[in-house]
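Trainee: Before I plan any bench work, could we go through this model together? I would like to start with the contact between the chains and end with a pocket.

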Number of protein chains: 2
Amino acid sequence: MIYLNGNFIDQDEAKIETNDRGFLLSDGIFETIRVYSGVISRLSDHYNRLKKSADFLNIPFVMSFNELNLALHTLLEKSDLKDKDASMRLTLTRGTGPRGLLPPEKVNPTVMITAFFFPETVHKPYKVMISQIKRNESSPLSNIKSLCYLDNIIARKQADEKGFNECIFLNTQGHVACGSVANIFIVTDKGIVTPRIEDGILPGITRSVVIKICEENNIRVFEQTILLSDLLTAKEVFFTNRLIEIQPVIQINEQLINDGNIGQMTTMLQTLYRNNLAYSESKDSLDEIFNLKCH
Amino acid sequence: MIYLNGNFIDQDEAKIETNDRGFLLSDGIFETIRVYSGVISRLSDHYNRLKKSADFLNIPFVMSFNELNLALHTLLEKSDLKDKDASMRLTLTRGTGPRGLLPPEKVNPTVMITAFFFPETVHKPYKVMISQIKRNESSPLSNIKSLCYLDNIIARKQADEKGFNECIFLNTQGHVACGSVANIFIVTDKGIVTPRIEDGILPGITRSVVIKICEENNIRVFEQTILLSDLLTAKEVFFTNRLIEIQPVIQINEQLINDGNIGQMTTMLQTLYRNNLAYSESKDSLDEIFNLKCH
């Protein structure tokens, strides 16, 4: 089952128009949402980020938070994922349009939601390769989860072909940016550091959670520019995203990090992160939503 | 009518799968093809460029040149565009796939062709704006007509909102790259100059034609890096692409080019370009193709 423009339909029957600008010109955005035992994690963060990106791109997104919450939960239910661990993807495009780059005056956006069973994250430590492709921090898209993912696909595939699990993008200044699907953190003597948004990164939701966890636990954490040399001499390195959560990195190109072992700080943050999942939207609120629907 | 994966169908009936990687991740490429009075212009150039890009991205494209030629002509015929001026778009994506960036092992690409009536190009001189977004010459995509067009949409829209007809991208070195849908040329005392492919530009087919026309007519032409100062002090500036052909630029930001008039060299090249259309594939070859089909 998928959700498409207000309807819940079988994926086989659901189709995208051939002149959807998301398909023709990557004119759209998406969110990847994590669900733990049927509880949607940090939906308001996803909603706010999506809204902000849609506003910037001038793509109307008219669903209220409650409408989106209801759609997601209904889809989980219809997909037999009601109490399961799942990942969901919400895709918003500018919808169909005539030939050419300029958007049509009247926009009828496409909203699609898909849900997949996604078992508990297993953290095989990563060996990663620094990509020759630079993250373009001059583009607003470097801060937006847009449909433009082909650079990431190429870089990830090149890493995969050389036996690496992921890649790291530097930005055009040569500063550390992110992975192909993840934010990056390094652990140094001075504290934990993650690149600034201005360095050309997505404002990751898991990234925010990790920063908050650090602050709440008196772990020094900084958003600041990371040089390549800082990265290669870091005591520990890890990626974050909704699905991989906190993912240890033990090798960058040929350079071992922490002698090739998962670091203590990374392990501690993984534990704190798991405990933090209680911060997610509670089931109460969604029961409330369902009640609203029934009455 | 459109062509989709071997079938000619009504656009209303033709649909794209919801898990097509072209839709989800901009994992695909396209070509925009010009047709003059039913004659497809420079199809072999388009075919070769598409093949090269598909090979680089490892997207299988199995149509032979003759099969593609036949499909395009059949679509023109079925769309009542047989002897008309038209533009066609060929889109090739990696097809459907499971969640995640890495392509599936078995790829079943999507091939879509659409055709539009496209009347003779009218050349209202352009006022253009230099975009704050940089062209990322570190990415192989800067040389590939991929589906990643959202940067171009944003920049073009920003230009439009400020009353400009187009934008110009500089690359991350600050050197002149291209427009949102076009290559760029400048006319100087030393000759005609267009950026090198390495500066982060698409190897445009119209760009190649213009270079060839210059060479054949003893007009000095160079592929070399263009500084912003070169651009702003150029005697003439023009864009090229398949649809706008040779498009005069008379203003960049607040700076007039050639006192705001279309330049002589630009006008001469427009005439030579129009005459050069006879170089396109002849009708003979396509009659031959149709004969092959009938016998």
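Mentor: The model is predicted, and the questions below take the interface, the salt bridges and one pocket in turn.

Trainee: How many residues does each chain bring to the contact, and what area is buried between chain A and chain B?

Mentor: The contact takes 57 residues from chain A and 57 residues from chain B. Carbon and sulfur atoms give 69% of the area buried between the two chains. That buried area is about 4,700 Å².

Trainee: Which three residues supply more than any other three of the area that chain A buries against chain B?

Mentor: The three in question supply 16% of the area that chain A buries against chain B. They are A:Phe23, A:Leu101 and A:Leu150.

Trainee: How many residue pairs are in polar contact between chain A and chain B, and how many salt bridges cross the interface?

Mentor: With both residues at pLDDT 80 or more, 17 residue pairs are in polar contact between the chains. One salt bridge joins A:Glu17 to B:Lys15, with the closest N and O atoms 3.7 Å apart. Across the interface of chain A and chain B, the number of salt bridges is two.

Trainee: Which element gives the largest share of the side of chain A that touches chain B?

Mentor: Several elements of chain A each supply at least two residues to that side, including strand S3 (15–17), helix H1 (21–25) and helix H4 (150–161). By class, the side has 25 nonpolar, 19 polar and 13 charged residues. The largest share is eight residues, and it comes from H4(A).

Trainee: Which residue forms a salt bridge with A:Lys157?

Mentor: Over all chains the count of salt bridges is 25. In this one, the closest N and O atoms are 3.2 Å apart. The two residues both lie in helix H4 of chain A, four residues apart, about one turn of the helix. The partner of A:Lys157 is A:Glu161.

Trainee: Which helix gives the most to the lining of the second largest pocket?

Mentor: This pocket has a volume of about 290 Å³. Its lining divides into six nonpolar, three polar and three charged residues, among them B:Asp45, B:Arg49, B:Phe56 and B:Ile205. Helix H2 (43–57) and helix H5 (205–216) of chain B each supply at least two residues. The most, five residues, comes from H2(B).

Methods:
Residues numbered from 1 in each chain as written. Chains lettered and ligands numbered in written order. Predicted model: local features only at pLDDT ≥ 70, side-chain atom pairs only at ≥ 80, totals over all residues. Heavy atoms only, no water. 1 Å grid on protein atoms, 1.4 Å probe; cavity = no way out; pocket = protein on both sides within 12 Å on 5 of 7 lines; lining within 4 Å. Points joined across faces, edges and corners; volume = space filled by probe spheres on them. Nonpolar A, V, L, I, M, F, W, Y, C, P; charged D, E, K, R; others polar. Contact = heavy atoms within 4.5 Å. Buried area = accessible area lost by both parts, 1.4 Å probe. Salt bridge = Lys/Arg side-chain N within 4 Å of Asp/Glu carboxyl O. Polar contact = N/O pair within 3.5 Å; in protein donor to acceptor, adjacent residues only side chain to side chain.
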